[in-house]
Amino acid sequence: MFLIPFILASLIRRECLAKAVGDMIAAMGACESASKELRCALQADYCEPAYIDGQKNPRGERWISGWNLEKRGHPSCTCDSTAIPSCLTASNGRDGGIDYRCAAHSDLCQLREGETFGFL
């Protein structure tokens, strides 16, 4: 019974709901170093691990969500301030550059076809 009114309401307000969901998904966080320096990141996996092979990593970082960044009074991370990983291939154009497409994880790249995974 509850589902039908919700669906109708979401159809009427779909633009607002899409914006709210889109904002939530696109919220990027930051990696915080021991010296409290912040570096924007797409997800927690991109932070330096606190421990490597059971040993404390001096460069280890802690993940701070986008919501917690705002709560602490820090500016939000944006695409312009965040290193976003990509699948990379050598360009076939005259400029000899690199073609890329955004990818959150290396599993999304066609590694067997010559793509590599990296950051721009």
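The following is a dialogue between a visitor and a guide about the structure above.

Visitor: What kind of model is this, and how are residues numbered?
Guide: This is a predicted model, in which local features need pLDDT of at least 70 and side-chain atom pairs count only at pLDDT 80 or more, while totals for chains, interfaces and linings use all residues. Residues are numbered from 1 along each chain as its sequence is written, and side-chain values use heavy atoms, with hydrogens and water left out.

Visitor: What makes a stretch of the chain a helix or a strand, and how many of each does the chain have?
Guide: Both are DSSP runs numbered from the N terminus: H or I over at least four residues for a helix, E over at least two for a strand. The chain has 3 helices and 8 strands, and from the N terminus the elements run α-α-β-β-β-β-β-α-β-β-β.

Visitor: Why is the pairing of β1 with β2 called a strand pair?
Guide: Strands pair if DSSP finds at least two bridges between them. Strand β1 (residues 29–33) is joined to β2 by 4 bridges, so the two count as paired, and they run antiparallel. Ala30 stands opposite Cys40 in β2.

Visitor: Which sheet holds these strands, and what makes a strand an edge strand there?
Guide: An open, antiparallel sheet of 3 strands has the order β2-β1-β5. β2 (38–41) and β5 (61–64) are at the edges because each has a single partner strand, so one side of each is left without a neighbour in the sheet. From one strand to the next the twist averages 30 degrees, where axes are lines fitted to C-alpha atoms (for helices over the stretch in contact) and angles run from 0 to 180 degrees between N-to-C directions.

Visitor: How do you know that β6 and β8 pair?
Guide: Strand β6 (residues 85–90) and β8 share 4 bridges in the antiparallel sense. The rule asks for at least two, so they pair. Cys87 stands opposite Phe117 in β8.

Visitor: What is the strand order of the sheet with β6, and which strands are at its edges?
Guide: The order is β7-β6-β8, an open sheet of 3 strands with antiparallel pairing. Its edge strands are β7 (98–102) and β8 (116–119), each pairing on one side only. Neighbouring strands are turned by 40 degrees against each other on average, direction ignored.

Visitor: Why is Tyr51 called exposed?
Guide: Exposed means over 50% relative accessible area, buried under 20%, and partly exposed in between, with a 1.4 Å probe and protein chains only. Tyr51, in strand β3 (residues 51–52), has a relative accessible area of 53%, so Tyr51 is exposed.

Visitor: How do you know that Lys56 lies over the face of Tyr51?
Guide: The rule wants NZ of Lys or CZ of Arg within 6 Å of the ring centre and within 35 degrees of the ring normal. Lys56 is at 5.5 Å from the ring centre of Tyr51 and is listed as lying over its face. Leaving aside neighbours within four places in sequence, Tyr51 is in contact (heavy atoms within 4.5 Å) with Lys56 and Asn57.

Visitor: What makes the phi values of Lys36 and Asp53 worth a note?
Guide: Phi is positive in each, a residue other than glycine: near 70 degrees for Lys36 and near 50 degrees for Asp53. Lys36 is in the loop between β1 and β2, and Asp53 in the loop between β3 and β4 (55–56).

Visitor: Why do Lys36 and Asp53 count as exposed?
Guide: Lys36 has 58% relative accessibility and Asp53 77%. Both values pass the cut-off for exposed, so both residues take that label.
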